Structure formats: C-alpha cells, structure tokens
Amino acid sequence: MHLDMNKKPLISVIMNCYNGESFLKEAIESLLQQTYANWELVFWDNASTDQSKNILLSYSDKRIKYFYAASHTGLGTARVEALKKAQGIYITILDADDIWLKDKLSFQVDKMLSFSSSSKEVGLIYGRCELFFEGSIPKETKTLPLEGEIFDQLLSGKTSIPLPTLFFPKNVYDKVGGFNASYDYCNDLDLLLKISSKYDAFFIDEVIAKYRMHNKSLTGLSNQSSGKHYIEYIRLISQYLPNPKAAKRFSDLLNRYAFFLIKKRKFTELMAILPIVRKSALLFYPVKVIFRRFFT
C-alpha cells in the first residue's frame, strides 16, 4: 500500500454500543481529544434502551455518524454491520466503555505511513494498553512488543492484542473476510489470527489506550457465568488443528472448561467432553491457577 505522506487518510472509528450510558461520554471525549483529526465515528447503537442515543446526539460534530440497529444482535453481528458503514482507509475500534490517549491515532497513522513505501504489507498496528477497574490503579496488559510475523504467538496465547489499540487497513479486513458474526466473545481474536496469518504486524511502544473492566462487559464475570466464552474459544482454536501450538492451547482450553463445569456442577456437559480432556492436567489445573495468582 503506497500513500501520499502529505495527505491525512480518513480513519473509521467503530463504536458498538448497547446500553452504554455509564461510560459513553468518557469514550467519546477521548476520541474528540485526538491530535489526529481526520476521522469518522461509526456509532452502531445495538437497540439500546437507555440514554446512549441522547448522549451521542448531544455532540454536534459532523464526523459523528449514528446508526440504530433494527433489532438487538450479538456483538459479532453488530461489529459486522457497523463495519459495512465505514468509509475510511483504516479501521480502529473504540468500544463505549474504553478510553484512548490523545495521540493514539497520530502514532498509528505515522507508523503506517512510515512503512507505506516498504516491500512489506502491514496488516495491523497495535500498542500498549492499561487495564483498569473503576477506582483501582491501572495495570498494563501483558502484551509483548512483537512485530513482523506474530501469528504463532497469538495462536498459542503467549501474547494478546488489546482491542482498543488495534488499527488495520480496511482492504486487509475485507481480504481476510472481516469479523465472524457467529463469535461474540472471540470475534477480535478470530480477526487477528486471520490477519496475522497473512500480514505483518507493527507495534507502538507507548500506552495508547485504557481498557475498562466491569461486570456488565462481555469480559466481566456476570457475562461469563454461562461458559459460552469457553465454547467459542474452543471452536475457534479447533479450526487451526493440528498445528502444535493450536493443539496445546486447545487442550488447555478444554481443561479450563472442564474445571469450570465442575465448579458450576454442570455434569451433563462435563461428561460430553470428558473423553477428550487430559485428566492429569485437569487435576493439576487448580494448583496452576493458585500458583499464577500468587507467585507470578
């Protein structure tokens, strides 16, 4: 991809929102404060019933574009529908409960343009991110500063890319097939694996975003009590078998899911997967969790 260094490409910022009134203003303000100005906000209201629409429409900025879903859908479908409205050359995600630092877009556009004349095709750019609970001290996510071919590290789970730091060309998104509407919990990992299997990645060695944890989010405890997130991740990783790195992660996910089912006393579901669960690893898993919690 070759770009004119003197032009400022349009960036589509995708914000999916469902009853996000609690933190929405903070997210929007962090976008408005960006030092890079040539962006559009594609705000996809997933049939909210709170004040999200009124909060969004209280801003008169012409770069903000509001879309209301005909009916409430899963997050995977909502992301797919929102991306259909994007007009930018580049795509980035800002969920309604996350925050960007003011130079986030500037850093990433500069990084992308600096490689626009190279022979390598860049598929994604990401950076450091802080994880925080309301009222707590932020902690940086365990993201390794990896560049180039990072598919194996993502597949194995040795590193992760925080979604609010993700930045990718729209044409790359289209070429790999975009978000998978059938995934709600792991649609971002699915997209990252598809992109990183074909393109290089580059890293911004700065904290450029803050990822908020709270019980109402998909990553919150209240939304993971059913175990559906395990089922999704197991299904996703199984697509890459028999890759050895996928096999190891697949086995680990199965054992985590089995231990989850034991805690929830869901023995019918447990018996269905027990034949393919490594029993020794299952017995060792609680010890491993305790070790990681207190000694790493």
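Among contacts in the protein chain between residues at least 6 apart in sequence, what percentage join residues at least 24 apart? In this predicted model, the figure is 74%. Keep that in mind as we walk through the fold together.

Let's begin with the chain as a whole. The protein chain is built with 11 helices and 9 strands. It has 296 residues, and 49% of them count as buried. The protein chain also exposes about 14900 Å², with carbon and sulfur atoms supplying 56% of that area.

Now find strand 2, which covers residues 39-45. Here 7 of its 7 residues are buried. If you look at one side of strand 2, you will meet Trp39, Leu41, Phe43 and Asp45, while Glu40, Val42 and Trp44 lie on the other. Both faces are covered, and the residues just named are all buried.

What does strand 2 pair with? One partner is strand 1, residues 11-17, which runs parallel to strand 2 and joins it over 7 bridges. To see one such match, look for Ile14, whose bridge partner in strand 2 is Val42. Following the chain from strand 1, you pass through helix 1 (residues 24-32) before arriving at strand 2, and this β-α-β crossover is right-handed.

Strand 3, residues 64-68, also pairs with strand 2 in the parallel sense, this time over 5 bridges. Here Phe43 stands opposite Tyr66 in strand 3; Phe43 is one of the buried residues of strand 2 that we met above. Helix 2 (residues 52-57) belongs to this part of the story too: strand 2, helix 2 and strand 3 make a right-handed β-α-β unit.

Notes: Residues numbered from 1 in each chain as written. Predicted model: local features only at pLDDT ≥ 70, side-chain atom pairs only at ≥ 80, totals over all residues. Heavy atoms only, no water. Helix = DSSP H or I, 4+ residues; strand = E, 2+ residues; numbered from the N terminus. Buried < 20%, exposed > 50% of the residue type's maximum accessible area, 1.4 Å probe, protein only. Contact = heavy atoms within 4.5 Å. Areas by Shrake-Rupley, 256 points an atom, 1.4 Å probe, with all protein chains shown as cover. Pairing = 2+ DSSP bridges. Right-handed = clockwise from strand over helix to strand, strands pointing away.
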